[in-house]
Structures are given as C-alpha cells and as structure tokens.
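Work through the exercises below with the model open. Try each task before reading its solution.

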Amino acid sequence: MDFTFFVQVFVNGLMLGLTYVLIASGFSLIYGIMRLLNFAHGEFYMLGAFATYLLCERLGVNYFAAMVLSMIIIAVLGILVYRFFYRPFRDQHDPSLVIALGIAMLIGGLALLVFGEKDKSISPVFSGVIKVLGATLSMERIVVIIMAVILMAALTFYIKFSKTGQAMRAVAQDREAAALQGIGVDSTFTLCMAISSALAGAAGALLAPLFFVNPFLGMHAVLKALVVVVIGGLGSIPGAIAGGLLLGFVESFGNTFLGDITEILGFVMVMQVLLFRPQGLFGHG
Amino acid sequence: MAKRRAGHFIVLLAAVVFPAVSQDPYLLNLLIMTGIWTTSVWGVRLIMSTGQLTLGHAAYMAVGAYASTLLVMKAGLSFWLAFPLSGLISAFVALLIGYPTLRIKGVYFSIITFAFAEIIRLIIVNWPSLLGGYGGIPNIPAPQPLFSIRFTSRIPFYYLILAVSFITYLVMVRMEKSRIGTIFSSIRESDTLAESIGINIMKYKVIAFGIGCFFAGLSGSFYAHYFNFTSPEFFTIWQSIYCLIFVLVGGAGSALGPFLGSFFLTLIPEFLRVAREYEPVVYAIILILVMFLLPGGLITLPARLRGQKKTH
C-alpha cells in the first residue's frame with residue numbers, strides 16, 4: 001500500500017478514534033465514580049448535536065459559541081436527570097441501570113417525535129484542506145482532532161490535579177471513606193454528571209458538522225462507548241482513550257480492507273479482552 | 001396458595017374459551033403477540049433469577065426465527081422439528097456467549113448481551129444471500145397440519161402459542177420450586193456466599209442463560225412462522241429492552257409478572273391508539289412510573305391497594 005494512502009487511513013482512524021474517546025470518556029467517568037452505566041449518555045451526545053444544529057442553523061449563532069452553549073445546556077440536563085431520576089436509585093445497582101435505559105428511551109423517543117427521522121446537516125464551519133505527507137486532510141477533521149485532544153488533556157489534568165477532581169477519585173475509590181473525610185458524595189456525583197454530560201454535548205457539537213444529525217445517533221454512540229470502555233477497562237479514563245483510539249484505527253483500517261464486516265471487529269475485540277484480560281487494557285483487577 | 005391456584009386456573013380457562021366468545025382477528029392477534037412475548041420474557045426472568053440483567057434477549061429470538069426459517073425453507077424440515085431445534089440453537093449460541101461473559105462478575109454480562117444483540121442484527125443485515133439482509137425473508141411457510149388441524153386461520157396459532165406459553169410457565173414454576181431454583185436465588189442474593197459453600201456459580205448462571213434463551217428461540221421461531229416473514233427490524237435493541245421492561249413492569253418477583261407485563265404492555269398502546277412512533281415514549285414513561293411508584297411491578301398492585309407491604 002502506498003504511503004500517502006496509509007497516512008489518509010491513519011488520520012481517518014485517528015479522527016474516528018478521538019470521536020469514540022470523546023463519547024466514551026464521559027461514559028466511563030460516570031461508571032468509575034458512580035458505578036452507573038449511563039445509557040442516556042448517547043442521547044446526551046445526540047441532543048448536543050441537535051442543540052448545535054438549532055443554534056447554528058436556526059438562530060445563526062457562531063459555531064464556537066454554539067458549542068459552548070450546547071455543553072452548558074447538556075450539562076444542566078445531565079444534572080436534572082441525576083437529581084430527579086438517578087439519585088433515588090443511587091445505591092441500587094440494577095434499578096439504576098434500568099432507569100438509565102428508561103431515560104435513554106424517553107429522550108430518544110421524544111427526539112424522534114420532535115425532530116423527525118430525517119437527517120439534518122450543519123453547513124461546513126471550516127473549509128479548505130491541508131496536505132500532510134502527501135495526504136489530503138480537510139480542515140474540519142483537523143479541528144476535531146485538535147479540540148478532542150484539548151478536551152481530553154483538560155479532563156485528565158482536572159481529575160488529576162484539581163481539588164474537586166481529587167475528590168472524585170476519592171469517591172470512586174471508597175465512597176464511605178471519602179464521605180468521612182468531608183467530601184460531599186452527592187455534590188461530587190452532581191459535578192461528575194455535569195462534566196460527563198458537557199463532554200457528551202461537546203462531542204455532539206464537534207461531530208455535528210461532519211456527520212448527519214438524527215435522533216438515532218444516541219443508541220449508536222452508546223453502543224460504541226460500551227465497546228470502548230470494555231476494551232479499555234470500565235471506569236478508567238486512560239482506558240477510554242486507549243480503547244477509543246484502538247477501535248478507531250481498527251475500524252478505519254478494517255473499513256478500507258475488509259468492508260462492511262468491520263462493524264463486527266469491535267465486538268470480536270471485546271470478546272478477546274473478556275477472555276484474556278477481563279478487567280480491560282487499563283482496568284484494575 | 002389455593003386461592004392463587006384458582007386465580008391461575010381462571011386465567012387459563014378464560015384464555016382457552018376466549019376464541020369461543022370472540023373470533024375477532026385483531027384481538028386474537030394481540031393475544032398471540034402477548035403469548036409470543038410472554039414465552040420469551042419468561043426467559044428474561046429466569047436469567048434475572050440468577051442476578052443477571054440481559055439487555056439483548058431479542059437477539060436470541062432472532063436466532064430462533066432465522067434458524068427455524070432456514071431449517072424449514074433450506075433444509076426442508078417440518079416446522080414441528082424445526083421449532084424445538086431453533087430453541088436449542090438459540091440456547092447453544094447463548095452458551096457460546098455466556099461462557100466467557102458470565103465468568104466475570106459485575107455488569108459485563110449486561111454490556112455484552114447489549115453489544116451482541118447488535119452483532120446479530122449486523123450479521124443478518126450483512127448477509128443478504130442467506131439471511132435476506134434488510135429486506136428480510138418473505139413467504140415462510142405456516143406449520144404443517146397437525147392431526148388434521150390446519151394452520152390457515154389465527155385460531156390454531158392462538159392455541160399453539162397458548163400451549164407453548166403455558167408449558168413454559170409450568171417449567172418456570174417447577175424450576176423455581178426445585179433445587180435449581182434455590183441455587184439460582186442463592187446466587188442472586190450473594191454470589192460470593194453461594195460460591196463459598198461450593199456452588200459452581202458460573203455453571204448455574206450459564207444454565208439459566210441457556211434455558212432462558214431456549215424459550216426466546218421458540219418464541220422467535222413461532223413469530224417467523226406466524227407472520228410468514230422475518231426481518232432484522234423485528235429484533236432490534238429496542239425489542240430487547242422491551243423484554244426487560246415487560247418483566248419489570250409486570251413484576252420480577254412473581255412467575256405471573258412477565259405474563260402480566262407482556263399482556264398490559266401489548267394492549268396498552270392499542271387502547272391508547274398511539275402511533276407506532278410513540279411506543280418507546282409510552283413504554284419509557286410506564287417503566288419510569290413503575291420504577292418509582294411500584295418497584296415490585298403491577299403484580300404487587302393488589303397488595304399495595306390493600307395497604308399491605310409485600311416483600312419478596
């Protein structure tokens with residue numbers, strides 16, 4: 001295969017992988033800290049894309065302003081969903097999972113009724129292409145790559161160094177011990193929902209100009225997020241990054257060489273991980 | 001106890017004599033759909049009785065539907081042979097998935113069943129030459145006549161699914177009361193404790209999953225031959241989630257719960273006259289309301305109304 005072509009496929013894989021990273025990291029954050037599989041996460045992503053679409057196309061807001069607004073809107077929505085629906089089932093494992101599924105269905109179903117099933121698209125924000133090592137790359141994709149890297153770096157630094165980020169990790173490790181140290185578990189969870197939802201909103205805003213926007217995005221996104229977090233390790237942010245990138249590259253190269261059957265590769269990887277390293281690439285025993 | 005028996009007897013009797021009262025094809029169809037769902041959903045409850053939440057049950061219905069279709073249309077088998085075989089094939093697929101997945105404690109099982117359901121759909125969609133792709137497989141023959149009963153109207157189908165779901169029910173109740181049922185609930189209560197007294201928890205989780213999917217396979221096979229058509233659209237992730245909702249809305253604590261949930265949730269969209277697109281929203285609202293107001297499901301409603309707190 002010639003080198004230029006390789007670069008092209010590689011960059012496509014990188015972009016696709018970062019997409020998965022953006023979606024999966026928020027999902028993994030929630031699981032790591034709250035022990036909740038937030039099935040509504042994909043729907044938050046879908047709503048983020050719709051919010052950006054409405055703000056840009058209908059209200060004529062600047063794209064970056066629309067992105068920030070979408071993040072805020074989705075973060076608020078995340079907090080509300082936590083307060084009213086997740087908190088009452090906080091320490092119940094299966095009921096909390098079921099309520100998350102119910103919320104996902106509700107949001108997905110309502111979105112279908114309100115927005116209709118037709119694909120919407122946002123007019124391109126960045127035009128032009130640049131040449132890297134002979135391969136042609138659109139500016140749009142480059143922007144997504146840069147933004148995703150910035151967001152992930154910010155998230156990692158936040159969790160590692162900030163006071164509230166450390167509180168999150170403490171709650172993740174031992175909820176009761178953290179509470180004894182004076183960390184408000186409930187406020188930590190609320191913050192965690194807000195950050196995770198804002199990330200989903202950002203992912204929606206970033207990807208809206210590249211793909212079509214429709215109400216079915218949510219289910220698709222949550223499926224990918226599940227595959228990524230199992231490969232990377234449930235609840236681990238580095239795991240979500242590694243898993244997302246790996247899936248992106250596998251799918252990009254798979255699509256080029258194997259065609260449609262690639263969709264199944266992610267699942268094959270999941271089964272391999274479960275057989276040989278059940279805690280995931282970056283999970284702890 | 002005797003009162004409960006009598007209640008079951010009345011439900012069964014009502015179901016048996018129903019076609020004598022009304023032969024309205026629309027109503028019969030709804031009841032047949034209830035039977036199809038109930039049979040499958042009892043499997044979900046069985047899997048739940050070992051503490052596992054399956055999110056991909058419709059995939060095993062799909063396996064049953066397609067296995068049965070291929071056995072009848074390509075291999076020329078009789079429906080009466082293909083029907084039990086499709087259950088066994090579903091159970092076999094479940095064992096393949098269950099073995100690596102159920103080894104690991106925690107939410108992995110739910111995640112994998114969810115993802116695998118999508119894989120089954122993708123395989124169907126991407127294999128049009130054998131499985132018909134998006135378009136599905138039309139002209140699936142109805143079952144061959146059985147003792148001169150010909151499957152040309154809805155009534156024989158009605159009695160067939162009634163028999164199948166009644167037998168399923170008996171199997172479920174029998175299992176629950178036997179040793180294996182006790183083992184299942186001991187695993188659900190505390191798998192670590194069950195393991196410590198020498199129970200091979202993985203073996204029993206896999207058994208429950210296999211049997212649960214066996215009934216999903218039967219239900220899928222019936223579905224295909226009843227509608228003479230099968231398509232990946234019937235077995236989406238939504239259908240899998242519906243299976244779970246039917247159990248929880250009916251009440252997982254009682255063997256009648258799945259029936260009640262399937263019955264209520266099959267009929268309610270019809271009586272509300274809601275369009276198909278509203279269905280997920282209606283189901284989601286009902287699910288959320290039940291989770292908040294009636295955590296034991298509809299089956300606990302009478303006790304709740306009498307003001308007793310029922311615990312299981």
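The exercises cover aromatic pairs and the interface of two chains in a predicted model.

**Exercise 1.** Classify the ring pair of A:Phe6 and A:Phe253, and place both residues in the chain.

Solution.
- The search of the whole structure gives 35 aromatic pairs over all chains.
- In this pair, the ring centres lie 5.6 Å apart, within the 6.5 Å cut-off.
- The planes meet at 45°, so the pair is tilted.
- A:Phe6 sits in helix H1 (residues 3-34) of chain A, and A:Phe253 in helix H10 (residues 237-257) of chain A.
- The two are 247 residues apart, so the pair links distant parts of the chain.

**Exercise 2.** Classify the pair of A:Phe10 and A:Phe249, then state whether A:Phe10 is buried, partly exposed or exposed.

Solution.
- The centres are 4.8 Å apart and the planes 25° apart.
- Stacked requires planes under 30 degrees apart, so this pair is stacked.
- A:Phe10 belongs to helix H1 and A:Phe249 to helix H10 of chain A, so the pair ties together parts 239 residues apart in sequence.
- A:Phe10 has a relative accessible area of 35%, which makes this residue partly exposed.

**Exercise 3.** Describe the interface of chain B and chain A.

Solution.
- Contacts join 39 residues of chain B to 37 residues of chain A.
- The chains bury about 3,500 Å² between them, 88% of it on carbon and sulfur atoms.
- B:Val107, B:Tyr108 and B:Ile111 lose the most area on the chain B side, together 16% of what that side buries.
- The interface has zero salt bridges and one residue pair in polar contact.
- H5(B) gives the most to the chain B side, with eleven residues.
- That side divides into 32 nonpolar, four polar and three charged residues.

Technical notes: Residues numbered from 1 in each chain as written. Chains lettered and ligands numbered in written order. Predicted model: local features only at pLDDT ≥ 70, side-chain atom pairs only at ≥ 80, totals over all residues. Heavy atoms only, no water. Phe/Tyr/Trp six-rings, centres within 6.5 Å; stacked < 30°, edge-to-face > 60°. Helix = DSSP H or I, 4+ residues; strand = E, 2+ residues; numbered from the N terminus. Buried < 20%, exposed > 50% of the residue type's maximum accessible area, 1.4 Å probe, protein only. Contact = heavy atoms within 4.5 Å. Buried area = accessible area lost by both parts, 1.4 Å probe. Salt bridge = Lys/Arg side-chain N within 4 Å of Asp/Glu carboxyl O. Polar contact = N/O pair within 3.5 Å; in protein donor to acceptor, adjacent residues only side chain to side chain. Nonpolar A, V, L, I, M, F, W, Y, C, P; charged D, E, K, R; others polar.
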